[in-house]
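Me: Please take a close look at one part of this model, the salt bridge, and then place it in the chain as a whole. I would like a connected account rather than a list.

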Amino acid sequence: MPNASSWSASSPLLLLWEDSSGTRIFLSLLYAVLAISGTLSNVMVIYLVFSFKKLQTTSNAFIVNGCAADLSVCALWMPQEAVLGLLPPNSSSLRSVEYRLLRGGLLGLGLTVSLASHLLVAFNRYVLITKLPSVYQALYQRRHTGCMIGLSWALALLLVPLLPGLWTPGSGQQPPPRQTDGSSRYTALLLALAVLGQTALLLHCYLGIVRRVRGSAKRVSVLNFHLLHQLPFPAAPPPPRRAQRRLSSVSVLLLCCVFLLGTQPLVWVSLLGFFLRPAPPALQAASWLLLCSLSALNPLLYTWRSEEFR
């Protein structure tokens with residue numbers, strides 16, 4: 001039976017030594033598809049925002065920040081996983097500690113900034129809809145927006161040295177020391193609590209938007225901001241008020257469901273491993289894969305209902 005010490009160093013998503021060649025080829029193809037689709041979609045969003053002045057808004061600045069972080073995962077990390085999954089488990093390239101830490105750093109940096117960008121976008125939209133225009137303009141000046149983006153990267157750079165231990169617990173030949181394993185457990189707990197807190201804040205923002213839109217359509221109409229076209233709500237032509245509220249709620253619900261599907265499995269697998277017993281390696285790997293797949297889906301989540309992007 002596979003256990004934690006049998007996890008291979010070949011992937012931060014922890015492929016097993018016992019995995020068949022068919023499984024490894026399937027995962028490599030999956031990484032390749034996510035890498036290509038995620039890279040193209042993220043690059044396209046960045047290109048559109050920089051090419052059209054109409055799209056150069058505060059909310060889109062946070063979206064571009066997330067796309068740049070997602071490129072660290074889709075364009076730099078996933079292609080390596082697609083190739084490494086095809087190599088034999090005893091390959092010398094897979095046993096290099098420095099190389100594993102580099103891959104782990106790319107993944108940790110991209111995911112941390114991406115999750116922070118999700119929260120920045122949600123909070124930006126929340127302030128835009130629920131607060132006075134003067135409050136929004138004072139909070140989201142160009143200097144303040146740049147500081148928020150810079151802080152997201154600074155936070156990621158501080159956390160990156162802690163994160164690789166989550167998915168590089170040691171080679172399959174030599175189990176990690178007890179103190180390293182304990183450190184990884186506490187780091188996993190910290191990660192789970194951070195993602196859980198970020199998710200709670202994100203849901204609070206979007207549910208607050210839904211309550212305000214459903215409760216007062218007039219409140220939304222008097223906000224004379226072209227940023228409203230970036231919201232996951234229909235922009236033009238406006239449908240009847242009741243249908244508009246229904247579509248608004250469904251759009252936000254879909255966005256939140258996709259985000260929860262990508263993040264929550266890792267949260268609860270980590271909490272389960274800390275308080276009860278470690279989840280099966282395959283389940284842990286699947287939870288990481290879901291989280292990483294968000295990097296390829298994020299551009300679609302924030303542009304698919306936008307008339308300006310279309």
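Reply: A salt bridge here is a side-chain nitrogen of Lys or Arg within 4 Å of a carboxyl oxygen of Asp or Glu. The model is a predicted one, and a search of the whole structure turns up one such pair. The partners are glutamate 81 and arginine 103, with 3.0 Å between the closest N and O atoms. Glutamate 81 belongs to helix H2 (residues 58-84) and arginine 103 to helix H3 (residues 97-130), so the pair ties together parts that are 22 residues apart in sequence.

Where the two residues sit with respect to solvent follows from their accessibility. Buried means under 20% relative accessible area. Glutamate 81 has 2% and therefore counts as buried; arginine 103, at 1%, is also buried.

The setting is a protein chain with 10 helices and zero strands. Of its 310 residues, 51% count as buried. Among contacts between residues at least 6 apart in sequence, 78% join residues at least 24 apart. The chain exposes about 15,200 Å², and carbon and sulfur atoms supply 69% of that area.

Some of the surface is a nonpolar patch formed by Ile25, Leu29 and Leu86, with about 300 Å² of accessible area together. Isoleucine 25 is in helix H1 (residues 21-51). Its relative accessible area is 43%, so isoleucine 25 is partly exposed. On the spacing of residues in a helix: an α-helix has 3.6 residues a turn, so residues three or four places apart point the same way.

Leucine 139 is another partly exposed residue, with a relative accessibility of 30%. Leucine 139 is located in helix H4 (residues 133-139). Leaving aside residues up to four places away in sequence, leucine 139 touches Phe123, Val127, His144 and Met148. The C-alpha atoms of leucine 139 and asparagine 124 are 9.4 Å apart, with the two positions 15 residues apart along the chain.

Further along is helix H10 (residues 281-303). Its 23 residues should span 33 Å at 1.5 Å a residue, and the end C-alpha atoms are 35 Å apart, which agrees. Helix H10 also has a kink of about 50° at alanine 296, shortly before proline 299.

To return to the part you asked about: glutamate 81 and arginine 103 form the salt bridge, glutamate 81 is buried, and arginine 103 is buried.

Methods:
Residues are numbered from 1 along each chain as its sequence is written. This is a predicted model: local features need pLDDT of at least 70, side-chain atom pairs count only at pLDDT 80 or more; totals for chains, interfaces and linings use all residues. Side-chain values use heavy atoms; hydrogens and water are left out. Patches are made of residues with over 30% relative accessible area and no salt bridge: like charges are joined within 9 Å, nonpolar side chains (Val, Leu, Ile, Met, Phe, Trp, Tyr) within 5 Å. Accessible areas come from the Shrake-Rupley method with a 1.4 Å probe; for residues, only the protein chains shown count as cover. Helices (H or I, at least four residues) and strands (E, at least two) are DSSP runs, numbered from the N terminus. Buried means under 20% relative accessible area, exposed over 50%, partly exposed in between (1.4 Å probe, protein chains only). The expected span of a helix is 1.5 Å times one less than its number of residues. The bend at a residue is the angle between axes fitted to the seven residues ending there and the seven starting there. Contact means heavy atoms within 4.5 Å.
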